[in-house]
Amino acid sequence: MGGIAMHNEFAVEVKNLYVEFKTDYGVVKAVNGLDISIAPGKTLGLVGETGAGKTTTGLAMMNLIPSPPGRIVQGEIRICGQDILKLSEREMDKLRGQQISMIFQDPMTSLNPVMTVGTQIAEVIAYHEKVNKTEAMKKAKEILELVGIPAERAKEYPHQFSGGMKQRVIIAMALVCNPSILIADEPTTALDVTIQAQVLAMMKELKEKLHTALLMITHDLGIVADICDFVSVIYAGRIVEHGTLEDIFDNPAHPYTKGLFNSLPSITNRKTNLKPIRGLMPDPSNLPSGCPFHDRCDDACDICTSAMPQKAELSESHYVECHLFHSDKDKSVFGGTK
Ligand code: SF4
């Protein structure tokens with residue numbers, strides 16, 4: 001593949017990404033200047049309400065935005081140093097599975113009901129590696145064992161597996177070529193709590209064993225606390241706060257992040273009086289001027305309605321996009337509504 005410029009600090013780096021969709025109701029601006037980076041072996045939690053742009057971000061990182069109606073308007077997505085937006089469809093196809101994989105909420109959408117799970121995994125292996133059928137099946141059985149499924153179940157069909165087991169099969173398929181990056185989009189939402197904990201523990205173990213960079217897309221702060229090293233809070237297609245797990249859980253800064261903590265039950269924060277964030281996420285086909293959170297924010301001031309807040313660094317690892325964290329002098333200088 002051409003244009004490989006490896007630099008090993010990050011397995012994945014997304015810079016200034018904009019994604020939009022043309023609809024009958026106008027242009028939906030789903031992702032609006034988003035930055036993300038994950039180092040090998042680390043887990044980043046991408047947290048936000050439904051409709052914040054989480055799944056679109058994951059699909060963009062796989063270069064799977066359906067086009068039309070969608071398109072990546074601008075930005076850079078580097079997977080192990082390669083700018084994937086410059087790859088041909090064939091090159092990208094090879095990269096998927098080998099370097100980057102994605103698992104979805106509903107395992108049934110990713111499994112073929114009329115093929116045994118062993119054959120499905122073996123097909124993925126055979127597509128990416130120069131191995132014969134017998135070798136591919138041997139490897140498929142090994143990976144099933146790795147995710148806690150006995151090898152002899154390779155000859156069974158998806159309907160013979162429980163929800164948790166099916167999700168393990170999906171994870172096995174995603175990890176079979178040892179990708180550098182795994183994107184998990186609400187991977188345990190469809191499972192009951194006990195199975196959810198088992199699948200998460202398994203993902204954590206595998207990630208450590210295989211040194212995979214993991215993007216965990218979720219709205220569940222309990223999952224974030226359990227598995228993530230870093231957290232990016234997404235609102236209206238932008239990262240409004242980013243930091244280490246401790247930064248975000250011990251010192252949340254953005255009013256939206258604080259609102260999430262107050263509104264969502266979590267393992268670490270079982271508040272009895274949950275307080276939902278008032279109002280709704282803005283219409284992505286008609287984003288407001290200034291800070292997109294301003295009409296839901298109790299701390300909003302005049303500048304919030306007219307100027308987009310820029311990044312304010314709270315520490316080396318922690319930043320927030322909110323006017324509250326800029327000095328008055330800054331407020332008059334930056335501005336530019338995007
Ligand atoms: Fe609230 Fe203003 Fe900060 Fe936006 S910039 S979160 S409206 S205080």
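This is a conversation about how to read the cavities, the ligand shell, the cysteines and the backbone of one predicted model.

Visitor: What should I keep in mind before I look at the model?

Guide: The model is predicted, so local features need pLDDT of at least 70 and side-chain atom pairs count only at pLDDT 80 or more, while totals for chains, interfaces and linings use all residues. Residues are numbered from 1 along each chain as its sequence is written, and side-chain values use heavy atoms, with hydrogens and water left out.

Visitor: How is empty space found, and how many cavities does the structure hold?

Guide: Rolling a probe the size of a water molecule over the atoms shows where empty space is left. On a 1 Å grid over the protein atoms alone, a cavity is a set of points where a 1.4 Å probe fits but cannot get out, whereas a pocket is an open set with protein on both sides within 12 Å along at least five of seven lines; residues with an atom within 4 Å of a point form the lining. Grid points are joined across faces, edges and corners, and a volume is the space filled by probe spheres set on the points. Here there are four cavities of 30 Å³ or more, and the largest cavity holds about 90 Å³ of space.

Visitor: Which residues lie nearest the centre of the largest cavity, and what takes up its space?

Guide: Its lining has 14 residues, with Cys291, Cys297, Cys304, Cys322 and His323 nearest the centre. This largest cavity is the space taken by the ligand, where a molecule sits in a cavity or pocket if more than half of its atoms lie within 2 Å of its grid points. Around the ligand there are 13 residues, the closest being Cys291, Cys297, Cys304, Cys322 and His323; a residue is near a molecule or strand if one of its heavy atoms lies within 4 Å of it.

Visitor: How do the residues of that shell divide by class?

Guide: Ala, Val, Leu, Ile, Met, Phe, Trp, Tyr, Cys and Pro count as nonpolar, Asp, Glu, Lys and Arg as charged, and the others, Gly among them, as polar. The shell around the ligand has nine nonpolar, three polar and one charged residues, while the lining of the largest cavity has nine nonpolar, three polar and two charged.

Visitor: Which element gives the most to the lining of the second largest cavity?

Guide: Helices (H or I, at least four residues) and strands (E, at least two) are DSSP runs, numbered from the N terminus. Helix 6 gives the most, with three residues, and the second largest cavity has about 60 Å³ of space. Its lining includes Ile171, Leu175 and Lys207, and by class the lining has six nonpolar, one polar and one charged residues.

Visitor: What is the volume of the largest pocket?

Guide: The volume of the largest pocket is about 470 Å³, and among its 19 lining residues Met102, Ser110, Val124, Met173 and Ala174 are the closest to its centre. Helix 3 gives the most to this lining, with five residues, and the lining as a whole divides into twelve nonpolar, five polar and two charged.

Visitor: How many disulfides does the structure hold?

Guide: A disulfide is a covalent bond between the sulfur atoms of two cysteines, and here it is taken as a pair of cysteine sulfur atoms within 2.5 Å. The structure holds zero disulfides. Cys228 is in none, and the nearest cysteine sulfur, that of Cys80, is 20 Å away. The sulfur of Cys301 is 3.7 Å from the closest cysteine sulfur, in Cys304, which is too far for a bond.

Visitor: Is Cys228 buried or exposed?

Guide: Buried means under 20% relative accessible area, exposed over 50%, and partly exposed in between (1.4 Å probe, protein chains only). Cys228 counts as buried at 6% relative accessibility, whereas Cys301 counts as partly exposed at 31%.

Visitor: Which peptide bonds and phi angles should I look at?

Guide: Most residues other than glycine have a negative phi, and most peptide bonds are trans. A cis peptide bond joins Ser67 and Pro68, with omega about -15°, and the bond from Pro68 to Pro69 is cis, with omega near 10°. Asn63, although not a glycine, has a positive phi of about 55°, and Asn63 lies in the loop between helix 1 and strand 4. Glu186 has a positive phi of about 45°, and Glu186 is buried, with a relative accessible area of 8%.
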